[in-house]
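Visitor: Hello! I am new to this structure and would love a close look at a single part of it. Could you walk me through one helix and what surrounds it?

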Amino acid sequence: MKGVYPCILVPEELGGFSVLFPDFGGATQGETLYEALEMAEDFLGFAVTSAVDNGEKIPTPTNLKDIVIEDDGAFVSWIKFDTDAYRKILSKSNRKMENKM
């Protein structure tokens, strides 16, 4: 399954960015914009894959016009996900962990 969801990126006073997902009620962060976007993809990949695997309903992405931005300097971006690609990443990570045990 592939798709996109909106996120809100909020520049932090001491540096870095918080990333909020209105459709999943979760958040992540990164020290740079690039890192924040990478972390957002990871968060979203995990959230959607977990929901699918647990038989949960996947929320419809919020329409951008319905997103309220309350923080100065914050902005909205689309983040992509691919559950098949995320499962491959998890599988590789799990194999590495098993080899270390």
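In which helix does Val-52 lie?

Guide: Happy to help! Please keep in mind that this is a predicted model. Val-52 lies in helix α1, so let us make that helix our part for today. Val-52 is partly exposed, because its relative accessible area is 33%. If you look from Val-52 to Ile-67, you will find the two 15 residues apart in sequence, while their C-alpha atoms are 24 Å apart in space.

Now follow helix α1, which covers residues 33-53, to the largest pocket. This pocket holds about 180 Å³ of space. At least two lining residues come from each of α1, β4 (75-82) and α2 (83-100), and α1 gives the most, with four. You can pick out the lining on your screen: Glu-38, Glu-41, Asp-42, Gly-45, Lys-80, Phe-81, Asp-82, Ala-85, Tyr-86 and Ile-89. By character, five of these residues are charged, four are nonpolar and one is polar.

Some of those charged residues also pair up. Side chains of opposite charge can pair when their charged atoms come close. Here, Glu-41 forms a salt bridge with Lys-80, and the closest N and O atoms are 3.4 Å apart. Glu-41 belongs to helix α1 and Lys-80 to strand β4, so this pair ties together parts that are 39 residues apart in sequence. Glu-41 is partly exposed at 35% relative accessibility, whereas Lys-80 counts as exposed at 52%.

Another lining residue, Asp-82, meets Lys-2 in a salt bridge between their side chains, at 3.8 Å from N to O. Since Asp-82 sits in strand β4 and Lys-2 in strand β1, the pair ties together parts that are 80 residues apart in sequence. Asp-82 is partly exposed, at 24% relative accessibility, and Lys-2 is exposed, at 67%.

Let us finish with helix α2, which also contributes to the pocket lining. In helix α2, Asp-84 and Arg-87 are three residues apart, about one turn of the helix. Their side chains meet in a salt bridge of 3.9 Å, N to O. Both are partly exposed: Asp-84 has 47% relative accessibility and Arg-87 has 30%. Asp-84 and Arg-87 are also linked with Asp-53 in a network of salt bridges. In total, the model counts four salt bridges.

Methods: Residues are numbered from 1 along each chain as its sequence is written. This is a predicted model: local features need pLDDT of at least 70, side-chain atom pairs count only at pLDDT 80 or more; totals for chains, interfaces and linings use all residues. Side-chain values use heavy atoms; hydrogens and water are left out. On a 1 Å grid over the protein atoms alone, a cavity is a set of points where a 1.4 Å probe fits but cannot get out, and a pocket is an open set with protein on both sides within 12 Å along at least five of seven lines; lining residues have an atom within 4 Å of a point. Grid points are joined across faces, edges and corners, and a volume is the space filled by probe spheres set on the points. Ala, Val, Leu, Ile, Met, Phe, Trp, Tyr, Cys and Pro count as nonpolar, Asp, Glu, Lys and Arg as charged, and the others, Gly among them, as polar. Buried means under 20% relative accessible area, exposed over 50%, partly exposed in between (1.4 Å probe, protein chains only).
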